[in-house]
Amino acid sequence: MSTTPNHAEEALSIELMDKDSDGSDLAEACLEDYTNVLVQYQGGGYDGCFWEWNYFVLDKAGNFHDIASSGYKGITTKEKALAYLEDDDKDSLYIYKLNDEEQIKEFDRECNAGHVVGCTNKIAELIEAGVDIDALYWFCDECGAKVNDGKATDYSGCGGIAVQANTKLCEDCYYKQYYEDNDDEDDDD
Ligand SMILES: [Zn+2]
């Protein structure tokens, strides 16, 4: 993901600018940047294991919602989330504005299919529960359709611990592939 623009650094430079100029109003303005966003950060850190991508969202009111957090590096509260976002020394992270299609496309393109589908479904659940945040969506790897439900598929093990999906398909393509695969098996018999 090293070739993608680093939104974290953009956010950080805005913050530093604000601190140079003056007080708390600007600090508030800075925090407004952290609304309606999906944040991808390096969580994990179990004994003997490396980091893994974790996710949280901040809704339009700036409320924190955990999407996936793991290990001692997992972020589970708004306080920790803001402290992390404001930390100059943090590990790399990506911030995706949920009303910015280009940033959502970047997330779709750069991230593991299972994570993209998982985050999308989790945000849909939040919206269903009344949280004020824009829906996430992704693009079918087969037909390119813009969807917000569908399936991650083509799973492969990753070091025997994490399981990751390599493909995400809209319902139509998923069932088409599923039935075609079954037809192939029938033909072989
Ligand atoms: Zn499709």
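Start at the N terminus and walk along the protein chain: its elements come in the order α-α-β-β-β-α-β-α-α-β-β-β-β-α. Counted up, that makes 6 helices and 8 strands. Keep in mind as you look around that this is a predicted model.

How does the chain as a whole hang together? Take the contacts in the protein chain with a separation of 6 or more: 51% of them link residues 24 or more positions apart. As for burial, 25% of the 189 residues in the protein chain are buried.

Now for the strands. Four of them, lined up as E3-E2-E1-E4, form an open sheet with antiparallel pairing. Strand E3 (64–68) and strand E4 (93–97) sit at the edges with a single partner strand each, so one side of each has no neighbour in the sheet. Going from one strand to the next, the twist averages 25 degrees. In general, the strands of a sheet pair through backbone hydrogen bonds, in either a parallel or an antiparallel way.

Zoom in on one of these pairings. Strand E2 covers residues 51–58 and runs antiparallel to E3, with 4 bridges joining the two. If you want a spot to look at, find Phe56, which stands opposite Asp66 in E3.

Further along the chain, there's a loop between strand E6 (146–147) and strand E7 (151–158), and Asp149 is found in it. Is Asp149 buried or exposed? It counts as exposed, because it has 12 C-beta neighbours inside 10 Å, and a residue with 12 or fewer falls in that class. Asp149 also has a partner from elsewhere in the sequence to check out: Asn121 is 28 residues apart from it in sequence, yet their C-alpha atoms are 7.0 Å apart in space.

Notes. Residues numbered from 1 in each chain as written. Predicted model: local features only at pLDDT ≥ 70, side-chain atom pairs only at ≥ 80, totals over all residues. Buried ≥ 20, exposed ≤ 12 C-beta atoms within 10 Å, placed from the backbone. Contact = placed C-beta atoms within 7 Å. Pairing = 2+ DSSP bridges. Axes fitted to C-alpha atoms, helices over the stretch in contact; angles between N-to-C directions.
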